[in-house]
Amino acid sequence: MSTPTTTSKAPAHQGLHHLKLCVSDLERSARWYGSVLGAHRVTELDHRRPDGTLFSVVLDVPHLPCRLELRLDPATARALDGNELLTLAVEDRAAVDEWIAHLDGLGVRHSPPVVAMVGWVLVVPDPDGLRLRFYTSEPHGLDPSRVEYDSSWLSTGTSAGPGGRAQG
C-alpha cells in the first residue's frame, strides 16, 4: 500500500455526521449526557440487534454540529478510561465558571479550572471515566510557564482524574 502524499486531492465530504462514544451502561450514560449537556435522545434512531436488544442510542446535543451516538461496549469503555475524546469550546473563563456552577448543582465531579496551553480547561469525567473537556476559545494570556502540565486532570489514559472513575 502506498503512503498518501500531501499533493493528493481527497474527495469532498460534508463535515461530521456523528460522534460515537463507547459506554458500559446506555441508560446511565444517556441520563448523564442529558443532565450535563442537555442532550435529548432520538429514540427513532435507537440501534437494535435482530433479537431486539438495544446496543446504541443517538442523542441530539445542543450546540454540537452533529449527533452523539452512545454505543454499548463495556470493554472499550474500560480501555478508554481517562482518555479525552470530546473537547467543547466555551468562550472564556467566565463561561468555565458557569459550567462549574451547573455541574456543582448537579453534583457532577469535575476538575478545578486548569491553566492549559492556550486557555482555561475544565475536565469532567463521564460515568465511564471518559474525560469531557470544556476549553476556552479566548486565550488566558498567562505566561506559558504557568501551564499545569503536571495536573492529574490533564494527563490521559490512566484514570478519570483524582479519585479514579466518575460517579453518576
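**Helix α3, the β6-β9-β8-β7 sheet and the nonpolar cores**

In helix α3, Glu98 and Gly105 are exposed. They lie on the other side of the helix from the buried residues Ala95, Val96, Ile100 and Leu103. Seen down the helix axis, the buried residues of α3 fall within an arc of 150°, so they line one face of the helix. The model described here is predicted.

Helix α3 covers residues 93–106, 14 residues in total. The distance from its first C-alpha to its last is 20 Å, close to the 20 Å expected at 1.5 Å a residue. At the start of α3, the backbone nitrogen of alanine 94 has a side-chain oxygen of aspartate 92 within 3.2 Å. Just after the helix, glycine 107 adopts a positive phi of about 75°. The packing partners of the buried α3 residues are one helix, α1 (26–37), and the strands β6 (86–90), β8 (120–125) and β9 (131–136).

Three of these partners, β6, β9 and β8, belong with β7 to an open sheet of four strands. The strand order is β6-β9-β8-β7, and the pairing is mixed. β6 and β7 stand at the edges, each with a single partner strand, so one side of each is left without a neighbour in the sheet.

Strand β7 (residues 114–115) pairs with β8 in the antiparallel sense over two bridges. Valine 114 has valine 121 of β8 as its bridge partner, and valine 115 stands opposite tryptophan 120. The connection from β7 to β8 is a hairpin through four residues. On its pairing with β9, β8 is again antiparallel, here over five bridges; proline 125 is the bridge partner of arginine 131 in β9. β8 and β9 also form a hairpin, with five residues between them. Glycine 129 in that turn has a positive phi of about 90°.

Six of the six residues of β8 are buried, so the strand is largely enclosed by the rest of the structure. In a regular strand the side chains alternate between the two faces of the sheet. In β8, Trp120, Leu122 and Val124 point one way, while Val121, Val123 and Pro125 point the other way.

The largest nonpolar core contains 31 residues, and Tyr33, Leu70 and Leu132 have the most contacts inside it. Two or more residues each are given to this core by β1 (18–23), α1, β4 (54–60), β5 (67–72), β6, α3, β8 and β9. The largest share, six residues, comes from α1. With residues up to four places away in sequence not counted, leucine 132 touches Trp32, Val36, Leu37, Leu86, Leu88, Leu122, Val123 and Val124. A second, separate core has seven residues, among them Val121, Val123, Trp153 and Leu154. Val121 and Val123 of this second core point the same way from β8.

Technical notes:
Residues are numbered from 1 along each chain as its sequence is written. This is a predicted model: local features need pLDDT of at least 70, side-chain atom pairs count only at pLDDT 80 or more; totals for chains, interfaces and linings use all residues. Side-chain values use heavy atoms; hydrogens and water are left out. The expected span of a helix is 1.5 Å times one less than its number of residues. Buried means under 20% relative accessible area, exposed over 50%, partly exposed in between (1.4 Å probe, protein chains only). The arc is that of the directions from the helix axis to the C-beta atoms. Contact means heavy atoms within 4.5 Å. A polar contact is a pair of N or O atoms within 3.5 Å; within protein, one must be able to donate a hydrogen and the other to accept it, and residues adjacent in sequence count only if both atoms are side-chain atoms. Two strands pair if DSSP finds at least two bridges between them. A nonpolar core is a set of buried Ala, Val, Leu, Ile, Met, Phe, Trp, Tyr and Cys residues joined through side-chain atoms within 4.5 Å.
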